[in-house]
Amino acid sequence: MIQTVLGEISKEELGIVLPHEHILVGFIENGKLTKDDYDRDEVIRVMLPYLQELAAAGCGTLVECTPEFLGRDPQLLAELSRLSGLHIITNTGYYQRPYLAPFVYNMSPEDLADIWIKEALEGIDGSGIKPGFIKIALSNKNGRISPIQQTILKSALLTSNETGLPIQAHTIGGDAIMHALEILTMENFDPSRFIWVHADSEQDLTYHKNAALAGMWIEVDSIGYRPFEEHYEMLKKLIEMGLLNQLLISQDAGWYNVGAKNGGNIKPFTTIFESFVPFLKEKGISQNIIDQLMIANPAKALDNRKKAI
Ligand SMILES: [Zn+2]
């Protein structure tokens, strides 16, 4: 089953999925962003047309990857889901320095996991709305994940083991993903519950091969930020390497930017439908492959796989 902001659905109900997008983000440091920093009604007025347009383009589910401290707002997402007819999935977990509240630095992985597991079981901040995945970030120096992000990673592993939720980990560069894999191996964690977010930040596909061989999901999620040709070439090579079954595509698009007038410059969610998929088809990528990338794979990656007790 999959947890959306309006309740549980079966994975067959997801339809076409965008596994990594944003509706609202506020880049305010040290956990200081509050719900008073933006007007929920205005966010709805600005963002609803983009979501309606996305639903009309055939999308079934938008996975909203804005974590706590950056503008995760479950009630807002629930309202937008009701109004647009799209399934929307939110998350538990924390991002990275400098966007963490000060208390996070004094916590152990177990302490953090307690907070996240509680959100998964009881809902977020008394809203009753539950997360459908764990969103973390693994900022790194020279490819080694910083100590606070290692704590956050370990907390994500504990939370995933307890709840069955998959992990989306913002990770720039292949060396950091190899460090993450070391930690997963050490903690005896199943890599097929782990999505390498921003895998297209790394050009050396040996990393993708090794991550995928270990079982990780490879998310190519900045479609529209670079020429289509580049993303097509990367996907084609990854498919030729036999990794089709572990690939996800998305756009990291949106969003209402807190503090900017009318939410600032918003990137529509429909690029993939209106331009990129037609581009892939012109290049000879079959509908079957596109369905696998946008329907079958995300359904498998997002499915809650809590082991039966
Ligand atoms: Zn993102």
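Where does Phe69 lie? Work through the exercises below to find out.

This is a predicted model, where local features need pLDDT of at least 70, side-chain atom pairs count only at pLDDT 80 or more, and totals for chains, interfaces and linings use all residues. Residues are numbered from 1 along each chain as its sequence is written.

**Exercise 1. Place Phe69, then state which sign its phi has and how many C-beta atoms surround it.**

Step 1. Phe69 lies in the loop between β5 (59-64) and α2 (74-84). Helices (H or I, at least four residues) and strands (E, at least two) are DSSP runs, numbered from the N terminus.

Step 2. Phe69 is not a glycine, yet its phi is positive, about 80°. Most residues other than glycine have a negative phi.

Step 3. Count neighbours. Phe69 has 20 other C-beta atoms within 10 Å, so the residue is buried. The cut-offs: buried means 20 or more other C-beta atoms within 10 Å of a residue's own, exposed means 12 or fewer, and partly exposed is in between; C-beta atoms are placed from the backbone.

**Exercise 2. Is Asn142 buried or exposed?**

Step 1. Find the loop: Asn142 sits between β9 (140-141) and β10 (144-145).

Step 2. Check phi. Asn142 has a positive value near 50° and is not a glycine.

Step 3. Count again. Asn142 has 7 C-beta neighbours inside 10 Å, so it is exposed.

**Exercise 3. Which residues does a cis peptide bond join?**

Step 1. Take Arg97 and Pro98. Their bond is cis, with omega about 5°. Pro98 belongs to the loop between β7 (91-92) and α3 (109-122).

Step 2. Take Gly254 and Trp255. A cis bond links them too, with omega about -15°. Trp255 is in the loop between β14 (247-249) and β15 (256-257).

Step 3. Set this against the general rule: most peptide bonds are trans.

**Exercise 4. What is the strand order of the open sheet of three strands?**

Step 1. Pair the strands. Two strands pair if DSSP finds at least two bridges between them. β3 and β5 run parallel and are joined by four bridges. β5 and β6 are also parallel, over three bridges.

Step 2. Write the order: β3-β5-β6, an open sheet with parallel pairing. β3 and β6 (87-89) are the edge strands, each pairing on one side only. From one strand to the next, the twist averages 20°.

Step 3. Follow Leu62. Its bridge partner in β6 is Ile88. Leu62 is itself the partner of Leu18 in β5.

Step 4. Check the cover of β3 (residues 16-21). Five of its six residues are buried.

Definitions and conventions
Axes are lines fitted to C-alpha atoms, for helices over the stretch in contact, and angles run from 0 to 180 degrees between N-to-C directions.
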